[in-house]
Amino acid sequence: MTQLPKPEEALIDAVRRAARQEQFLEVVSADEAKRRFGRHLDLSPRGTQSIALSNALGRVLAADVLAPLDVPPFDRSGVDGFALRASDTTGASDATPLRLRLNREVIACGHAPLIEVSPVTATAIATGGVVPRGADAVIMIEHTELLDDSETPSVEIRRSVAPGQFIAYAGSDIARGETLLRKGTLLGSREIGMLAACGIATIDVVRKPKVAVLSTGDELVQPGEDLGPARIYDSNGAIIAAAVTEAGGEPEAYGAFPDDETLLGDAMRKALADADMLILSGGTSKGAGDLSHRIVSTLGQPGILVHGVALKPGKPLCLAVADGKPVVVLPGFPTSAIFTFHAFVAPVIRALAGLPPENPKTLTVRVPTRVPSELGRKEFALVALVEGSDGMIAFPSPKGSGSVTTFSQADGFIEIDALASALDANTTTEVTLIGAAARAPDVVIMGSHDVALDVVVGALAERGFTARTIAVGSLGGAVAAQRGECDIAPVHLVDPQSGAYNTHLVQDGLSLVKGWQRSQGFLYRAGDPRFEGKSADQAIAAALADHYCLMVNRNAGSGTRILIDQKLKGARPPGYANQPKSHNAVAAAIAQARADWGFAIEPVARMYGLSFLPVAPEEYDFLIVDSRKDRPAVRAFLQALQDDKVRQRIRALGMRPAND
Ligand SMILES: Nc1nc2c(c(=O)[nH]1)N[C@H]1C(S)=C(S)[C@@H](COP(=O)(O)OP(=O)(O)OC[C@H]3O[C@@H](n4cnc5c(N)ncnc54)[C@H](O)[C@@H]3O)O[C@H]1N2
Ligand code: MOO
C-alpha cells in the first residue's frame, strides 16, 4: 500500500505542480516563428464551390469573372424625349425652331423599335428605350414642342444636339469580355450588383476554411451561463470565432474544456478531424495547464514548430502543423490571444480563404508618455489615438495584456524594439491601425471616470457625436488638458490648502465647468455588527480598534485617497497597502469579503449591495480646454450638462447636478 503523503508534503507537491513553468522549447523571434510555420503550411485554398448569387455576400471569388455580355446590351436612351439625327437639329433654337415628322411608333422600355429614323424624322422614346436604327442622338422632351395642328404629326425642335447626346452605348458600362471582378475579391453588395447586371446567377467561390476554436481552463464559463465564484467568462472563444469569420473562415466553436488530458485530447482530435485548422487558447505556459501543447505534439507530423516567441504580448504562443493542418495554441491572456491571432493566424486563414494579404495602414504619431518595455522581447503597445494641436497623439493603454479592452478598444499599436528598455516620452513613431473605424473621435475626455459621465456621453451619442474617454485619473486629466491633449478633463480634487474642489487646477487656457456632487462614504457588508447603526466616524473608529478588520485603500493621487488619509489622521490599519484604482474594485473587494471596509461613492455601494455611511460630498467638475470650446462636440457636451433629461438621469444615479 502506498503511503499517503503528509499534508505538508502534499502542499509542497501541489505548489510545485502549479508553479512549474513549462520549459519553452526555444524562444525565437517573430520572423523566425513565421518562417518555420510557413515552411510547413500549404496556403492554397481548400477547394471551390458553386453558389447562388443570393448567397454570395461575404464570399471570395475563386476565379476571375469575365463579362459575358455588354451592359447595357444595346444603345440606350438616357432621357425621355425623341430619337433623331443630330444633323437635323443644326441651328435649332427657341427663336428658330425646326420641325421633324414623327414616326408612327413610341419606344417604351423593354420593346425593340420597329421603324428606322430616316432624315427629318423623330421617334418618341422613353428613358431606357432602345435607340432605333438611323438615330444618333436623343433630345430631351423639355426642348421640344409637340405639334398637333398639322395633318402630319410633328415635333418642333428648339435646341441643336450633338451626335451621341443622351445615348448610353452598348458596353459603355461593362464591355463583354472585360475582367469584371478578380479572383480573391470579397463579394460585397457592390460586386453582387455588377454580377447581377451581367445575368450571372451562380458563382464559383472559395470553400471557407473550417476552423475549430477551443478554449481551455477550469475557470471558464460560457456567456449566458451563471458565473460561479472564481470563474470568468470565456471571451477568447467568442472573439477568436468572430475574428475567424472576419478573416474569411468558418468557425466551429467548441466552447471551453477543463484541464483534463482525456477530455481535452478527445475534443481536440475530434475537432481537428472535422476542420482544416485548430485554434486553442490558454494553458500554453503554466505547469498545471500545459496539457494543450503536450496533446498537440501527439496530433500529427511534423508537430510543434514554435513554442515561445520573443514578443510582448505573445511569448507563450505555440505553432504546430499536424498532418498538413495548422494547429495553434494562443496565450490565455485576452489581448495576447487576439493580438497573436492577428499577427500569426489571421494571415493563414485569409490565404486558405483565397483572400489577399491585408496591408495595414500606418500613421505617424507622437507618444507623449514614456513606455517601459521588457528587454529581449519586441513589444507592441496598444494605443488610443487623439488629435493634438500638432498632429496625432498615441496614448498607450495602461491595462496590459490580461485585459480584453486593451485590444478591443485600441485604435492601433506601436512597436518597441527588443533591444530597448523603454520608448522615451515624446517619441515620434509609426502606429499600425487596427479595426475598420480608424476615425478620430469628435471629443476626447481624459481624467477621472464616473458612472454619471456615461449619461452625458450617451447624450452626445444620441446627437451623433463620438467620444473617447480615457481614464487617467484627475491629475492625469488636468495635465492632459494643460498640454492640449484632450478637450475635456473630468476632475474631483480637493485643494488641501483651501478645502475647495478643483478651482486650484484652473490655469491659463482652461476653464472650469461645474458637473455634479457625489457622496463619498464608508462601505461595508450589510449586517456587519462592527458598523451597523454607526456614523462614518464611529465606523472608522470601530475599524481601527479591531485588529482583524481589513480595509481596502485607494491609489495615491485619487480624490478618495485624500479623503481617506484625512479621516485616518496618520493611522495605517491592516489592508492600507492594498490600493486599487477604482470605486468598483473597492466595492468588489468588500462584497467578496477580501476586505471589510473602504471608501467609495454611494451609487457604487448600491450597485454592489453594500451599506453606505456618508462622509463628504465631493465635486466632480470639468476642465475645458478654451481653444477647443467651439468644437461642435464640446458645445454639445456643455449643452448636455444643462439638459433637463440628462440632469434627471444623473439624479437617478444618486448625484446632485450643479445649480440644482
Ligand atoms: N510566472 C510567470 N507567469 C506568467 C508568465 C511568465 O512568463 N511567468 N507569462 C505571462 C504571460 S506573458 C502570459 S501571455 C500568460 C499566458 O498564460 P497561458 O497562455 O498559460 O494562459 P492561462 O494561464 O491559461 O491564462 C492566463 C489568463 O488568461 C485567462 N484566460 C484564459 N483563457 C481565457 C478565455 N478563453 N477567455 C478569457 N480569459 C481567459 C485566464 O483566466 C488567466 O487569467 O501567462 C502569464 N503568466
Ligand atoms: O506574452 Mo504575454 O502574451 O506578454 O502577455
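**Note on the predicted model: domains, ligand shells and strand S35**

1. In this predicted model, the centres of domain 1 and domain 3, taken over C-alpha atoms, are separated by 70 Å. Domain 1 is made of two stretches, 22-42 and 208-348, while domain 3 covers 76-168. The protein chain also holds domain 2 (48-71 + 173-206), domain 4 (362-433) and domain 5 (441-660).

2. Around ligand 1 there are 27 residues, and the closest of them are Ser215, Asn236, Gly282, Pro331 and Gly332. Sorted by class, this shell has 16 polar, 7 nonpolar and 4 charged residues. Helix H4 (235-246) and helix H7 (334-352) each supply at least two residues of the shell around ligand 1, and H4 gives the most, with 3 residues.

3. Ligand 2 is surrounded by Lys312, Pro313, Gly314, Lys315, Pro331, Phe333, Ser336 and Ser401. By class, these residues divide into 3 nonpolar, 3 polar and 2 charged. A reader comparing the two shells will find Pro331 among the residues around ligand 2 and also among the closest residues to ligand 1.

4. Strand S35 (residues 610-625) deserves a separate look: 12 of its 16 residues are buried, and the strand is therefore largely enclosed by the rest of the structure.

5. Which strands pair with S35? Strand S32 (residues 510-525) pairs with S35 in the antiparallel sense over 14 bridges, and within this pairing Leu523 stands opposite Phe612 in S35. Strand S31 (residues 488-491) is also antiparallel to S35, with 4 bridges between them, and here Val491 has Asp621 of S35 as its bridge partner.

Conventions. Residues numbered from 1 in each chain as written. Chains lettered and ligands numbered in written order. Predicted model: local features only at pLDDT ≥ 70, side-chain atom pairs only at ≥ 80, totals over all residues. Near = placed C-beta within 6 Å. Nonpolar A, V, L, I, M, F, W, Y, C, P; charged D, E, K, R; others polar. Domains from an automatic or database assignment. Buried ≥ 20, exposed ≤ 12 C-beta atoms within 10 Å, placed from the backbone. Pairing = 2+ DSSP bridges.
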